[in-house]
Amino acid sequence: MRVWYASIQRGVEGDGQAKMLTRCLQSSFIGAIAVGDLVKSTLGPKGMDKILQSVSNQGVVVTNDGATILKSIALDNAAAKVLVSILLRLDCSKVQDDEVGDGTTSVCVLAAELLREAEQLVNQKVHPQVIIDGFRAASKAAHEALRKSAQDNSQDEERFREDLTNISRTTLSSKVLSQDKEYFSQLAVDAVLRLKGSTNLENIQIIKKTGGRLADSYLEEGFILDKRIGVNQPKRIENAKILIANTAMDTDKIKVFGARVRVDATGKLAELERAERNKMKEKVEKIKAHGINCFVNRQLIYNWPEQLFADAGITAIEHADFDGVERLSLVTGGEIASTFDHPELVKLGHCDLIEEIMIGEDKLVRFSGVAAGEACTIVLRGATNQLLDEAERSLHDALCVLSQTVKEPRTVLGGGCSEMLMAKAIDEMAASTPGKKALAIEAFARALRQLPTILADNAGYDSADLVTKLRAAHYDGKTTAGLDMYQGKVSDVRELGITESYKLKRQVLLSASEAAEMILRVDDIIRCAPRQRTA
Ligand SMILES: *[C@@H]1O[C@H](CO)[C@@H](O)[C@H](O)[C@H]1NC(C)=O
């Protein structure tokens with residue numbers, strides 16, 4: 001990160017003579033383009049990974065996920081910061097419903113390419129407003145062309161599933177899962193189709209367990225809690241009635257809040273302890289009164305209550321964490337309780353079967369036949385934690401795109417095909433536009449053509465040769481031509497099944513234009529004084 005950062009500084013200093021407007025823009029261009037250059041090598045099926053090394057601790061992350069990289073870099077350049085903040089808004093992990101994952105890298109690269117073109121135009125004395133005008137017109141034409149090329153197969157269940165599998169495969173082909181992409185694309189499609197149209201990915205739980213190979217990963221129906229069942233308690237429960245709670249179940253320490261206890265004899269201490277134990281017994285009785293056979297607590301359950309539950313034939317699971325109880329509540333339909341005086345008001349969770357299962361060497365608890373029938377768990381296996389983390393990010397991207405595609409089923413073609421299609425439409429418009437605006441419109445088309453160029457470069461092919469061939473193919477009327485990055489040639493990407501979500505492509509186009517425009521509009525960067533402290 002350091003090296004890259006230094007180059008930004010140098011760029012700004014080198015431009016000492018320029019006027020205020022250009023100077024500020026210059027700095028913006030340099031920052032934004034640097035961000036694009038940083039992530040562009042990760043693009044496409046032959047993209048490379050980055051190692052992110054933390055300055056504060058020794059942790060390292062290996063990733064090619066655009067959002068993860070952008071989140072981690074320390075930025076000083078104001079325009080670069082603006083760009084990154086726009087990009088991260090796109091990231092699916094922010095719960096916003098209409099956002100699509102996976103596009104972050106593409107948006108970043110396209111925005112940077114647009115700004116690279118804009119920089120040339122500014123140097124040729126084209127005013128930023130004229131560039132913005134041209135970019136807007138071009139973006140509209142591109143959008144129109146993209147919309148026209150989109151296909152909708154959602155009427156035909158079989159074909160739509162094929163579409164989803166193909167999108168999933170395209171998304172995963174640039175990730176760690178690319179080795180096993182056939183398997184994982186089916187897995188992701190199965191998981192998303194279970195959701196039956198919902199985009200709530202909370203219902204798909206991902207459990208990571210080191211050991212085994214990535215290909216040993218699998219999909220489980222229901223919910224898996226990575227906890228143990230208490231000693232001497234039933235390990236298998238049918239027709240489970242579950243009380244999910246967040247309450248203190250410890251008696252080992254004497255807890256008298258805010259008070260200090262002084263005792264003069266050990267006998268007194270025993271008495272206090274006995275009182276505590278009785279209180280706990282009462283509490284367990286109250287919990288039992290809910291007519292349950294499973295008790296899941298967010299906090300610890302100490303030996304004494306554990307034993308009481310065992311005596312009553314109730315399975316008790318302790319220390320289920322925030323995430324655990326929240327998900328369990330979601331999938332079993334139970335509410336999280338913290339007081340137990342009114343059993344009739346507490347909504348219990350239900351499932352057909354609770355049992356202990358083994359994953360690798362570990363015992364976990366599986367809840368199957370849960371109330372939320374769409375819930376499922378993907379168990380990821382792999383050699384190291386870093387690999388598993390990256391696999392999870394990849395899978396999450398695929399799940400995001402797929403769940404959005406179920407809602408907006410139109411698809412477009414990948415492999416640079418859509419970009420070429422849009423660039424062609426823009427070129428045609430530029431030809432009939434008079435004045436300097438036409439320069440900006442043409443520049444937009446050039447920026448779009450950079451995407452297939454980068455794909456080819458990343459795969460180590462002669463990009464100039466391939467992309468001009470691709471362009472010729474499109475002018476020849478082959479509207480489904482794109483780059484086959486495994487063979488290194490121009491092919492029909494529809495036949496290859498290199499499909500992407502229309503919504504995602506549109507989002508990439510619009511967000512990149514928006515980001516570029518936002519940076520072009522800036523004529524000054526003002527350093528604000530720190531806010532005055534009011535006495
Ligand atoms: C999906 O990809 C396969 C090739 O892997 C292709 O034959 C098929 O036509 C594609 N399906 C759709 C619906 O585009």
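This section describes the overall build, the ligand site, the salt bridges and selected residues of a predicted model.

The protein has 535 residues, and 51% of them are buried. Its secondary structure comes to 17 helices and 17 strands. Taken along the principal axes, the C-alpha atoms fill a box of roughly 95 × 70 × 40 Å.

The ligand has a shell of residues drawn from separate parts of the sequence. Asn153, Arg159, Glu162, Asp163, Asn166, Arg169, Glu495, Leu496 and Gly497 surround the ligand. By class, the shell holds five charged, three polar and one nonpolar residue. Polar atoms of several side chains approach the ligand. In the side chain of asparagine 166, an N or O atom lies 2.5 Å from an oxygen atom of the ligand. For glutamate 162, the partner is a nitrogen atom of the ligand, at 2.7 Å from an N or O atom of the side chain. Arginine 169 places a polar side-chain atom 3.4 Å from a ligand oxygen. On its own, the ligand has 370 Å² of accessible area, and the protein covers 67% of this. Two elements, α7 (157-172) and α16 (493-496), each give two or more residues to the shell. Helix α7 gives the most, with five residues.

Helix α16 also holds valine 493. This residue is buried, because its relative accessible area is 0%, and the cut-off for burial is under 20%. The C-alpha atom of valine 493 is 7.1 Å from that of glycine 414, although the two residues are 79 positions apart along the chain.

Salt bridges were counted across the model. The total is 31. One of them pairs aspartate 37 with arginine 116, with N and O 2.7 Å apart. Aspartate 37 belongs to helix α2 (residues 20-40) and arginine 116 to helix α5 (residues 104-123), so the bridge ties together parts that are 79 residues apart in sequence. Neither partner counts as buried. Aspartate 37 is partly exposed, at 33% relative accessible area. Arginine 116 is also partly exposed, at 27%.

Two further bridges link residues with nearby numbers in the sequence. Aspartate 216 pairs with arginine 213, and their closest N and O atoms are 3.5 Å apart. Arginine 213 counts as exposed, with 54% relative accessibility, whereas aspartate 216 is partly exposed at 32%. In the other bridge, the side chains of arginine 410 and glutamate 408 meet at 3.1 Å, N to O. Here glutamate 408 counts as buried, since its relative accessibility is 16% and the limit is 20%. Arginine 410 is partly exposed, with a relative accessible area of 26%.

Other charged residues form a network. Salt bridges link Glu220, Arg236, Glu238, Glu355 and Arg366. Within this group, the side chains of glutamate 220 and arginine 366 are joined by a polar contact of 2.6 Å. Glutamate 220 sits in strand β5 (residues 218-221). Despite its charge, glutamate 220 is buried, with a relative accessible area of 14%.

The surface also carries a nonpolar patch. Ile51, Val60 and Val62 make up this patch and together present about 230 Å² of accessible area. Valine 60 is part of strand β2, which spans residues 60-63. At 32% relative accessibility, valine 60 counts as partly exposed. That value allows valine 60 to join a patch, because patch residues need over 30% relative accessible area. Valine 493 in helix α16 offers a contrast, as its relative accessible area is 0%.

Note on methods:
Residues numbered from 1 in each chain as written. Predicted model: local features only at pLDDT ≥ 70, side-chain atom pairs only at ≥ 80, totals over all residues. Heavy atoms only, no water. Near = heavy atom within 4 Å. Polar contact = N/O pair within 3.5 Å; in protein donor to acceptor, adjacent residues only side chain to side chain. Areas by Shrake-Rupley, 256 points an atom, 1.4 Å probe, with all protein chains shown as cover. Helix = DSSP H or I, 4+ residues; strand = E, 2+ residues; numbered from the N terminus. Nonpolar A, V, L, I, M, F, W, Y, C, P; charged D, E, K, R; others polar. Patch = residues over 30% accessible without salt bridge, like charges linked within 9 Å, V, L, I, M, F, W, Y side chains within 5 Å. Salt bridge = Lys/Arg side-chain N within 4 Å of Asp/Glu carboxyl O. Buried < 20%, exposed > 50% of the residue type's maximum accessible area, 1.4 Å probe, protein only.
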